[in-house]
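Colleague: Please take a close look at the strand pairing in this structure, beginning with a single pair of facing residues. From there, I would be grateful for a connected account of the neighbouring strands and of the ligand's surroundings.

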Amino acid sequence: MTRRASLSRYLPGIARDDSDDELGDDDHPWEWIYSSSKDETKKRIPRHQIIGARMGTFECYLGDCLLLKAEGSNEAWVAIVTEFIESDQDGDMAADFLWFSTEKEIRNSDRKRTDFLVNELYITPTSDVNPLASINGKAQVLSHQSFLREYPSGKVPRSSPGYNKTFVCRRGCNIRTTTYTNEFNWDDIYSGKPEDIEDLLELVRRETKSTRKRRRAQENPTAAISSTNYHPEGEDDADAYLSDDAVRHEVSTPRKKQKTMRVVTPSNRKIMVKKALEFTPLGTRILSPSHHQSSPFQIARAQLHVASVPTSLPCRESEFSVVYSHLEAAITDGSGACIYISGTPGTGKTATVREVVSRLDDAVRSDELDDFIFVEINGMKITDPHQSYSLLWEALRGQRVSPSQALDLLEREFSTPSPRRVPCVVLMDELDQLVTKNQSVMYNFFNWPGLRHSRLIVLAVANTMDLPERTLSNKISSRLGLTRITFPGYNHEQLMKIIQSRLEGVPGHIVEPDAIQFASRKVAAVSGDARRALDICRRAVELAEADVRVANPEPSTPSKRAKALIGEADKGKSSSRGRVTIATVKRAINEATTNPLQQYLRALPFASKLVLASILVRNERTGLSDSTYGDVLEEMSRALLLDAGSRRVALVKGNNMKSINSQMGAYARKQDTRLARIAGINTAAVELTGAGIIILEGQRAERPSKVRLAVGDEEVKLAFRDDPEIKALGIAF
Ligand SMILES: Nc1ncnc2c1ncn2[C@@H]1O[C@H](COP(=O)(O)OP(=O)(O)OP(=O)(O)O)[C@@H](O)[C@H]1O
């Protein structure tokens, strides 16, 4: 009998073989058992109420303790049937099950009991709906006394029919808070009759209220609300907890605590399952001894670096709250969700999602939230979008399989009933890169969360708002019911706040407020991109630091050097030397626009500029970064048609194009010498490939070849923004 690894997709259950299945292999249909007039008088149950279910010779009734199993799994879980449901949302016959947990489910090792028995279970206050198909047989739950009477050795012999089906219950436990009830005698509190269920649940809820949270909330209620996902007293069950939206939304972007993060990352096809690791450098938060000796410039540079994890995310409070509450609700409910997050580059999408996951992870650690798996799949980091399937499967089960095998396994997994499956949160970053020709990868990741049993929560992050509509049909995307969140570009005031928050704690006030405002205004006027604003400010700090170095030759030791720089920064309070001023920011911006790449792009011939501008326009039109060379040629023809229109020259008539190249030739023949150069468009594309500016499949300028930019969009936009030839084509960036 193999036991599932402890890092399975399920909460740990009880090992079961298929041969343990009491229901047998015959595929009898399930039937309802209704109350009869006898039940009516005896138990005060209304007639025709479903009181049980039958499959072949197997029967179970309300209040029974049952074993439930997921298909293909070797584990089972024990639960009490509290209600039969004629037809769940998938049309399946189903029931509501109140769970027992094993000792292995208790994650908080400090609060694990040391006196647990081999086959002891804790009754929990948690229930959920599962189809009857997950029922695997009957379980017997006994008081400790009754168990010892029946099995004086304290063990159920293997040969006994009760082996693997007989359990002891003497306590209740709220797994989320690891709070136990007092010891009880199971026979006294539960007779196996449905009438007892309510009292049993009430007892477990009452006795497992978290005194820890209550105490903390009483001591400092606002801190309890804003720094944890605080649940009001007595509302630990999922429904009450969810209904309190006001409280849930109070979770704010936090000041970050020093911590590690449980993440599964896709790097070089190697992923770790639920291993605590840091997905972003924590350097800025670890105050090493060298930190104190660092100069203000060094600290400022480090904190302004885009790779450093900020201590807070100003101006993203509402986006944080929305993402947090959706994720928290889906994890608590055990439901699936698909959240589509869009926004132009540098608007804090990835940073916000990671922060939310990190905060949810805190809640798991402090036993306030059910456990979940987190996987990050980044379109930029995988060569083939289908690898996403392998990465997801590996995160769920720790097995490496090929993409096609993974797809089969995932399809089966998500359409199979799965009691006690651990929710999985998938961050699909740079989604545009994952979109394949037939859109199957995106479709599957958007579709699976909607399958009843998946407990899959997808966070899809992309730059364009309507990528789903463009790549899937409107009909499909509206059926998928995505929750959409748009991250707007930052305005200059917000960029100022972001920069200021990054500079908090830097001694010596080395960056003048005017300089921050100037940089923020410059960036906000173009893109609202925090990455760009941070880069400019960091470069300005480097320039100011270099100025100081020139003015003061190098002191001999690092600590003397730091002191000298601190002194210089302090002096800077009265003079502008050693401080970042508007002039320093201007130099940084100028540098950014006159780097070798910018100079190269600006000096390109018209044909090359046209290729690049058309790729950009195409990317913006489709929301994808890959196009075919043919698509790009069509963009060119459109641009030229506009241009030609303004010159009263008809180049291309409707869609009646034979070959864009020949059209270009025709156009070139009719037009002035500038346009004659367009005929060299294919050569220009190949040359741009050689120079590393674009990637052209097979280095061949043929219509089906895939083409994409090898440099940042922003670089191209910046270079051509004021280009008169590009402007004349009506292309504006
Ligand atoms: N509100 C904010 N406060 C502090 N830093 C921020 C904020 N928003 C963004 N940043 C910083 O800006 C940089 C870019 O942010 P992020 O990667 O989250 O943007 P994005 O929207 O995911 O961009 P892309 O679409 O290019 O991936 C990061 O260094 C991030 O820490």
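Modeller: E120 stands opposite V168, a residue of β11. This description rests on a predicted model. The strand pair concerned is β8 and β11 (residues 166-174), which run parallel and are joined by 4 bridges. On β7 (residues 94-101), the pairing with β8 takes the antiparallel sense and comprises 7 bridges. Within that pairing, A95 has N130 of β8 as its bridge partner. Strand β8, spanning residues 120-131, has 9 of its 12 residues buried, and is therefore largely enclosed by the rest of the structure.

The loop between α2 (144-150) and β11 holds N164. Its phi is positive, at about 70°, although N164 is not a glycine. The relative accessible area of N164 is 17%, so this residue counts as buried, the cut-off for that class being under 20%.

A second set of strands is centred on β17. Strand β17 (residues 424-429) has 6 of its 6 residues buried, so the rest of the structure largely encloses it. C424, V426 and M428 point one way from the strand, whereas V425, L427 and D429 point the other way, and all are buried. Strand β17 runs parallel to β16, to which 6 bridges join it; in this pairing F374 has V425 of β17 as its bridge partner. The pairing of β17 with β18 (residues 456-462) is likewise described as parallel, with 5 bridges. There, M428 is matched with A460 of β18.

Two residues around this set deserve separate mention. N378 belongs to strand β16 (residues 373-378). Its relative accessibility is 9%, so N378 counts as buried. The side chain of N378 reaches the backbone nitrogen of M380, at a distance of 2.7 Å. E430, for its part, is placed in the loop between β17 and α15 (431-434). A positive phi of about 55° is found at E430, although this residue is not a glycine. With a relative accessible area of 28%, E430 is classed as partly exposed.

Two helices may be added to this picture. Helix α16 (residues 440-447) is mostly covered, with 7 of its 8 residues buried; among them are V441, M442, F445 and F446. Helix α14 (residues 403-414) contains L407. At 23% relative accessibility, L407 counts as partly exposed. L407 and Y389 are separated by 18 residues in sequence, yet their C-alpha atoms are 5.7 Å apart in space.

A further sheet is made of 3 strands. This sheet is open, its order is β20-β22-β21, and its pairing is antiparallel. Strands β20 (627-628) and β21 (694-696) stand at the edges with a single partner strand each, so each has one side without a neighbour in the sheet. Strand β20 is joined to β22 (residues 706-709) by 2 bridges in the antiparallel sense, and S627 faces V707 of β22.

The ligand's surroundings complete the account. The shell contains 22 residues, of which V306, P314, T350, Y490 and R502 come nearest to the ligand. By class, this shell is made up of 10 nonpolar, 7 polar and 5 charged residues. Three polar approaches may be described at the level of atoms. A nitrogen atom of the ligand lies 2.7 Å from a backbone N or O atom of P314. A polar backbone atom of A351 is 2.8 Å from an oxygen atom of the ligand. The side chain of N463 contributes a polar atom that lies 3.0 Å from a ligand oxygen atom. On its own the ligand has 630 Å² of accessible area, and the protein covers 93% of this area. Helices or strands that supply two or more residues to the shell are α12 (349-365), α19 (492-503) and α21 (530-551). Both domain 2 (235-243 + 315-487) and domain 3 (492-593) give residues to the shell, and the ligand therefore lies between these two domains.

Note on methods:
Residues numbered from 1 in each chain as written. Predicted model: local features only at pLDDT ≥ 70, side-chain atom pairs only at ≥ 80, totals over all residues. Heavy atoms only, no water. Near = heavy atom within 4 Å. Polar contact = N/O pair within 3.5 Å; in protein donor to acceptor, adjacent residues only side chain to side chain. Areas by Shrake-Rupley, 256 points an atom, 1.4 Å probe, with all protein chains shown as cover. Nonpolar A, V, L, I, M, F, W, Y, C, P; charged D, E, K, R; others polar. Domains from an automatic or database assignment. Pairing = 2+ DSSP bridges. Buried < 20%, exposed > 50% of the residue type's maximum accessible area, 1.4 Å probe, protein only.
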